[in-house]
Amino acid sequence: MSTPVFSVDGLWKVFGPKADRVPADPELTALPAAELRTRTGCTAAVRDVSFGVRKGEVFVVMGLSGSGKSTLVRCLTRLIEPTAGTIAIDGEDVRAMDKARLRELRRHRAAMVFQHFGLLPHRTVLDNVAYGLEIQGVGRAERREKAAEVVAKVGLTGLEQRRPGQLSGGQQQRVGLARALAVDPEVLLFDEPFSALDPLIRREMQEEVVRLHRDEGRTMVFITHDLNEALKLGDRIALMRDGRIVQLGTPEEIVGSPADDYVREFVRDVPREQVMTVRTAMRPASAEEAGAGPAVAPAATVSEAIEAVARNGGPVRVVDAGRCLGVVDSEGLLGVVAGTAPRKEVA
Ligand SMILES: Nc1ncnc2c1ncn2[C@@H]1O[C@H](COP(=O)(O)OP(=O)(O)OP(=O)(O)O)[C@@H](O)[C@H]1O
Ligand SMILES: [Mg+2]
């Protein structure tokens, strides 16, 4: 596996007086949040968190309000100063960066898209999008050309000369996204960018993210407190609770093998057949079954396979690059839906 874009190890963020002493003191770190606050006046927003963000993946940080999502993601570019731990981007130590290097990190390498779009009200859409390039010192002609290209990419063609106040919330969010994309960052960081949008616009923006991921292979870190959004967008999801990552895995791993009762409760109402893939439901094929017949891919959802089995009137093969990995039948598939299928390791 290649080096992660971001690697985070033993990260802590403690707010409050003499915050530094908290991560180093096992007696303090063992305290429940409320007690830590009364004893020290400190809040441990991020507690000993470690993970890597892989190149080209959508890494979702999910958790309830106050679980530490924003603090964690802001620590990545030191918009919030970490208290302890290490952070590297492409192997470079972020905590050792000086001011100039940090500025370059935030402007070129890891651009943030916020929930409140932070657009400049007196500038046109085009100039808002070009703004990031302007502060990079890119010349006027070049930045307008680049801005126009990105404006088209996010579906704002025709609105270039409007001001933010003349746009809907969804359109403003697209401008915010375009502005982040204009600098062509290695990683896009999103802090609940769509939670203020109405459901239809929200879905459109989610599809925009899926498209950016699929077509451009952008690496993205995406914060949400919405489980459905997390499952839809995430290649992997880090589920946070009280400053800790309680589970880090693919949507299928989180829904199929919750790490504890908290996660189990969190994912209880997820329609499993739409998240679980046929890998979980598969059984070995007999020689006769392996030879011929309709097939689905290993990444097919249980829901898709149920249709295929119904159409075929019997078991369907799971085929990957011409090789038959096994078969799924209605019994195995329904077992996954009911949550009674034997839990197999997901490759
Ligand atoms: N500047 C600060 N000073 C003190 N405590 C803070 C500060 N910023 C955040 N916190 C606390 O840290 C914890 C985590 O906050 P954070 O904003 O990271 O949560 P979140 O998961 O992003 O929540 P939300 O979903 O509401 O945005 C909370 O208890 C919050 O009150
Ligand atoms: Mg937040």
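**Figure 1. Gly66 sits in the loop between strand 3 (58–63) and helix 4 (69–76)**. Helices (H or I, at least four residues) and strands (E, at least two) are DSSP runs, counted from the N terminus. The model is a predicted one: local features need pLDDT of at least 70 and side-chain atom pairs count only at pLDDT 80 or more, while totals for chains, interfaces and linings use all residues. Residues are numbered from 1 along each chain as its sequence is written, chains are lettered from A and ligands numbered from 1 in the order in which they are written, and side-chain values use heavy atoms, with hydrogens and water left out. With a relative accessible area of 75%, Gly66 is exposed; here buried means under 20%, exposed over 50%, and partly exposed in between (1.4 Å probe, protein chains only). Look across the chain and you'll find Arg241, 175 residues away in sequence, with its C-alpha atom 8.5 Å from that of Gly66.

**Figure 2. Who is around ligand 1?** The shell takes in Phe15, Thr43, Ala45, Leu64, Ser65, Gly66, Ser67, Gly68, Lys69, Ser70, Thr71 and Glu192; a residue gets in if one of its heavy atoms lies within 4 Å of the ligand. Sorted by class, that's three nonpolar, seven polar and two charged residues. The bookkeeping is simple: Ala, Val, Leu, Ile, Met, Phe, Trp, Tyr, Cys and Pro go down as nonpolar, Asp, Glu, Lys and Arg as charged, and the others, Gly among them, as polar. Helix 4 gives the largest share of the shell, three residues.

**Figure 3. Polar contacts to ligand 1.** A polar contact is a pair of N or O atoms within 3.5 Å; within protein, one must be able to donate a hydrogen and the other to accept it, and residues adjacent in sequence count only if both atoms are side-chain atoms. Two glycines use their backbones: an N or O atom of Gly66 is 2.8 Å from an oxygen atom of ligand 1, and one of Gly68 is 3.0 Å from an oxygen atom of the ligand. Glu192 joins in with its side chain, where an N or O atom lies 3.4 Å from a ligand oxygen. On its own, ligand 1 exposes 630 Å², and the protein buries 58% of that (areas are from the Shrake-Rupley method with a 1.4 Å probe; for residues, only the protein chains shown count as cover). Strand 2 (43–53) and helix 4 are the elements that put two or more residues into the shell.

**Figure 4. Glu192 and Asp90, two residues with positive phi.** Most residues other than glycine have a negative phi. Glu192 has a positive one, near 40 degrees, and lies in the loop between strand 7 (187–191) and helix 9. At 11% relative accessibility, Glu192 is buried. Asp90 has a phi of about 45 degrees and belongs to the loop between strand 4 (84–89) and strand 5 (92–93). Is Asp90 buried, exposed or partly exposed? Its relative accessibility of 39% makes it partly exposed.

**Figure 5. Arg218 and its surroundings.** Arg218 is in the loop between helix 9 (199–216) and strand 8 (219–224), and it's buried, with 9% relative accessible area. A polar atom of its side chain is 2.8 Å from the backbone oxygen of Pro185, and a 3.0 Å polar contact links the side chains of Arg218 and Glu216. Past its neighbours within four places in sequence, Arg218 is in contact (heavy atoms within 4.5 Å) with residues including Gly56, Glu57, Asp184 and Leu212.

**Figure 6. Leu212, a buried residue of helix 9**. Relative accessibility is just 1% here. Leaving out residues up to four places away, Leu212 touches Leu177, Leu181, Leu188, Gly217, Arg218 and Met220. The C-alpha atom of Val154, 58 residues off along the chain, is 9.5 Å from that of Leu212.

**Figure 7. A three-stranded open sheet, order 11-12-13**. The pairing is mixed, and strands pair if DSSP finds at least two bridges between them. The edges are strand 11 (295–296) and strand 13, each pairing on one side only. Strand 12 (316–320) runs antiparallel to strand 13 (323–328) over five bridges, with Val318 opposite Gly326 and Asp320 opposite Arg323. These two strands make a hairpin with two residues between them, and Ala321 in the turn has a positive phi of about 50 degrees.
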